[in-house]
Amino acid sequence: MTATLNIQTIDANHDDLRSAIGDLRRRLSPQGNIVSQAGRQRTIDVFGAPLTPVEVVERICHDVRNRGLDAVLDYTAKLDGAKLTPETLRVSADELQAAYQAAPPGLLETIAKVADNIRTFQRAILHGDVRVPTIEGGYLRQRYLPLDRVGVCVPGGAAAYPSTALMTVVPAQVAGVREIAVVAPPTKFGSYSPVLLATCHALGVTEVYRMGGAQAIAALAYGVSGVPQVDKIVGPGNLFVALAKKCVYGDVDIDSIAGPSEVVLVADKSTPPAFAAADLIAQAEHAPGASILITWEPELIPAIRAELEQQLAQLERGQLARQSLEDFGALILVRDQDQATALADEIAPEHLHLAVNNAAEMLEQIRHAGAAFIGQWSPVSVGDYAAGPSHVLPTGGTARFASGLCANDFLRRTSVIHYTPADLICAAPLVQKLADLEGLTAHRASVDVRLVAAKAARNGKKPTQ
């Protein structure tokens, strides 16, 4: 008989809400020094010492930077148990083509439709050049250009994730990125997954590498033989991937340093308990995944708890989801809708689902969320798989300052200034004053030396030498 679900329940009327939310937020944040006993033992086996995950990642990145491909292959053998060669590290064009041709029924049609949804949304929000005329005939311009080369991480531990390829590759393509390299661990769900390989081929990706973890991040960041350096690394991964992205940031750009996936579900009497339970479980099955319910309706909590028990017993990944709900979940009873709104905003979740009657109005009171889902018919799964915005989102409260991945993240901005002689004359007093205040005399001189010629040119005269 399955044990009763031991999910935390918090009553804001009686419990120390501040302390409870603080504890939840700590658990939602990626903790670089927390690792399982099995993980600690593996670290000792590979490195000969009980290193922390941060130390493991720093050593791997340093080693890859100095030894290149040899280090990547060594760590792939030691950590992933896959003995690859320089020739087998990259998935061949024939393998990609074969996976595409053998795709299961409906896969290619689904990929095409989802990709079209993503393109439609990403094109609609894509930045274009902006040109602002100056008073005296010149112009200022904001120029947007795509990055040259991007690395995409696709997980491959417990399941295959063609959706991650779609949600990262397609926005980059919309932005105009010319080269996209996908890395996935050498597992049956990663770079040996026919579904993932078929998806990559369908999207026109020709570079797929069998490597994962910190060694893959380091290879993309520094470049190794056969794998040229990228400009930016995007996509989800485990703790070691997140820490490696943090380690290489500055050599390349990254999307974020993400922790466990999370949802905050705000519910009222209009929310069917079966819907709410399904949404909480959907996030928990990421294992780890954090699922938090906030409601001001006392009768909803026991009803949703009962639904959780019933649905968990029927799901293939029910036991994994149960563990996540017990470790990272909470059912929170607040005083009223205002407190629910304030609490959701404070948590700043990756996914915010407002399953309430006045969801659109409530959203206007909430500033911080990676993605918001409005009403009963917008479960988080439509954002994960089909809607169009990318499902690569900020976690662990970082939605206070970070945003989800989109096509604009693959663009570089360059400001362009084109002044006429008259523009320079108008600006000269401003430059001169500030340069004098800062003591940068050469800055002033670079304007002063032009003023006589600029005045002559403005008046249509040929400047004297």
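Which residues are linked with Arg67 in a network of salt bridges?

## A small group around Arg67

The answer is Asp63 and Asp74: together with Arg67, they are linked in a network of salt bridges. Keep in mind that this is a predicted model. In total, the structure holds 13 salt bridges, and here we'll look at some of them.

Take Asp74 and Arg67 to begin with. Their side chains meet in a salt bridge, with N and O 3.0 Å apart. Asp74 has a relative accessible area of 31%, so it counts as partly exposed. Arg67 is partly exposed too, at 38%.

## Strand S4 meets strand S5

Next up is Glu179, which forms a salt bridge with Arg149; their closest N and O atoms are 3.0 Å apart. This pair links distant parts of the chain: Glu179 sits in strand S5 (residues 179-184) and Arg149 in strand S4 (residues 149-153), 30 residues apart.

So how hidden are the two partners? Arg149 is buried, at 4% relative accessibility. Glu179, on the other hand, is partly exposed at 38%.

## Strand S7 meets strand S8

Lys232 and Asp253 also pair up through their side chains, in a salt bridge of 3.2 Å from N to O. Lys232 belongs to strand S7 (residues 232-234) and Asp253 to strand S8 (residues 253-254), so their salt bridge ties together parts 21 residues apart in sequence.

Is Lys232 buried or exposed? It's buried, with a relative accessible area of 4%. Its partner Asp253 comes out as partly exposed, at 29% relative accessibility.

Technical notes. Residues numbered from 1 in each chain as written. Predicted model: local features only at pLDDT ≥ 70, side-chain atom pairs only at ≥ 80, totals over all residues. Heavy atoms only, no water. Salt bridge = Lys/Arg side-chain N within 4 Å of Asp/Glu carboxyl O. Buried < 20%, exposed > 50% of the residue type's maximum accessible area, 1.4 Å probe, protein only. Helix = DSSP H or I, 4+ residues; strand = E, 2+ residues; numbered from the N terminus.
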